[in-house]
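Colleague: I have a model open and would like a close look at a single part of it, namely the pairing of charged side chains. Could you then take me from there into the surroundings?

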Amino acid sequence: MDSKDRNTSHPVSHFILLGFPCLREIQIFLFSIFFVTYILTLLGNMAIVCAVRWDHRLHTPMYVLLANFSFLEICYVNSDVPNMLINFLSRTKTISFAQCLLQLYFFFSLGTTECLFLSIMAYDRFLAICRPLHYPSVMTTKFCRSLIIFCWTYGFLWFLVPVILITRLPFCGPNVIDDFLCDLGPLLDLASACAPVPGTVLLCGTMSSLLIFATFFYIIGSYSLVLRAVMQVPSAAGRKKAFSTCSSHLAVVFLFYGSVMMTYVSPGSGQAEGMQKFTTLFYSVLTPFFNPMIYSLRNKEMKDALKKVLGGS
């Protein structure tokens, strides 16, 4: 009884991230797999950033946005993967309260920024294909730069209030998070175990849903208009080039949003045990890994630029 009182009367100073509980040998194997994936993700996205930076043919809004998106992916994987790799080798798997909340803020802010970047990339393709005569006068260098600044700024402001509210929640004892990072759902579950927090759960769920669905439906609406315009292109070569440009973006959109919707539309709603960590793993680790391949395989200009960066002919 005394032990229980002590456990619930003091605020939590650290959390335990369970990650992927398994035998030590399997933990080391998983560390090797994810370490290689992490390095390849960094190299692939850095190659795209360098290709756009060094090839003057790619100094257009579409590729400038892609380079910023690749840089964002580098930041995104660095917000959670290094700590996950450390936990694979750690015996205690602990993270301090401050580090946990800081990781939550950066992870969500970068995720919000990604949603916004995918939206303005869809807007760029809409202008280029549906309004080609207006495209040079609308998507100027100055306007493109303003869109990029908007994405980064607004991305880091959107979840600031929810994160501040989460720091004030009553974490009174339970401190085990069945995940590989400090995610929204598990943290709300721990706080709810101490006292009901319906207001914070509602706010987080509403803001997550609003961001996800608003940007997703905007992207789908933009590409519906793009596809309708592409079908009216008289030449087969013109249609093929437009489809090639848009299909890679749509593939990234569906990979990202498919797993995000499963995770954050209703945080703290009691998902199947262990399911959230795998959906989070998919969009936070695997999607940034696949993005460079998706964007480069079907884009001749990008493939040529990458060959130069990698020292090919």
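How many salt bridges does a search of the whole structure find?

Modeller: This is a predicted model, and a search through the whole of it finds three salt bridges. As a general point, side chains of opposite charge can pair when their charged atoms come close.

I would begin with the pair formed by D178 and K277, whose closest N and O atoms are 2.7 Å apart. D178 lies in the loop between β3 and α9 (184-192), whereas K277 belongs to helix α12 (residues 275-297), so this salt bridge ties together parts that are 99 residues apart in sequence. The two partners can also be described by their accessibility: D178 has a relative accessibility of 30% and counts as partly exposed, while K277, at 6%, counts as buried.

The other two salt bridges can be taken together. R57 pairs with D55, with 2.9 Å between the closest N and O atoms, and D55 counts as buried because its relative accessibility is 8%, the cut-off for that class being under 20%. R125 pairs with D124, and here the closest N and O atoms are 2.8 Å apart; R125 and D124 are both buried.

Returning to the loop that carries D178, which follows β3 and leads to α9, one can look at the sheet to which β3 belongs. That sheet is open and has three strands in the order β2-β1-β3, with mixed pairing. The edges are taken by β2 (94-96) and β3 (176-177), each of which has a single partner strand, so one side of each is left without a neighbour in the sheet. Strand β1 (residues 14-17) runs parallel to β3 and is joined to β3 by two bridges, and within this pairing L17 has I177 of β3 as its bridge partner.

Helix α12, the element that holds K277, also contains S296. S296 is buried, with a relative accessible area of 10%. Leaving out residues up to four places away in sequence, S296 touches M302, K303 and L306; the C-alpha atoms of S296 and L306 are separated by 8.2 Å, the two residues being ten places apart along the chain.

A further buried position is found in helix α10 (residues 198-231), where L211 is placed and has a relative accessibility of 10%. Its contacts, apart from neighbours within four places in sequence, are T112, C115, W158 and F159. Of these, C115 is 96 residues from L211 in sequence, yet the C-alpha atoms of L211 and C115 are 7.8 Å apart in space.

Lastly, there is a helix pair to consider, and in general two packed helices are described by the angle between their axes and the distance between the axes. Helix α2 (residues 24-54) packs with helix α3 (residues 61-78) at an angle of about 155°, and their axes are 8 Å apart. Since angles over 145 degrees count as roughly antiparallel, α2 and α3 are therefore roughly antiparallel to each other, and their crossing is left-handed. On the α2 side the contact is made by Y38, T41, L42, N45, M46, I48, V49 and V52, and on the α3 side by Y63, V64, L66, A67, S70, F71, E73, I74, V77 and N78.

Key
Residues are numbered from 1 along each chain as its sequence is written. This is a predicted model: local features need pLDDT of at least 70, side-chain atom pairs count only at pLDDT 80 or more; totals for chains, interfaces and linings use all residues. Side-chain values use heavy atoms; hydrogens and water are left out. Two strands pair if DSSP finds at least two bridges between them. Helices (H or I, at least four residues) and strands (E, at least two) are DSSP runs, numbered from the N terminus. A salt bridge is a side-chain nitrogen of Lys or Arg within 4 Å of a carboxyl oxygen of Asp or Glu. Buried means under 20% relative accessible area, exposed over 50%, partly exposed in between (1.4 Å probe, protein chains only). Axes are lines fitted to C-alpha atoms, for helices over the stretch in contact, and angles run from 0 to 180 degrees between N-to-C directions. Angles under 35 degrees count as roughly parallel, over 145 as roughly antiparallel, 65 to 115 as roughly perpendicular and the rest as oblique. A crossing is left-handed if the near helix is turned anticlockwise from the far one by less than a right angle, and right-handed if clockwise. Contact means heavy atoms within 4.5 Å.
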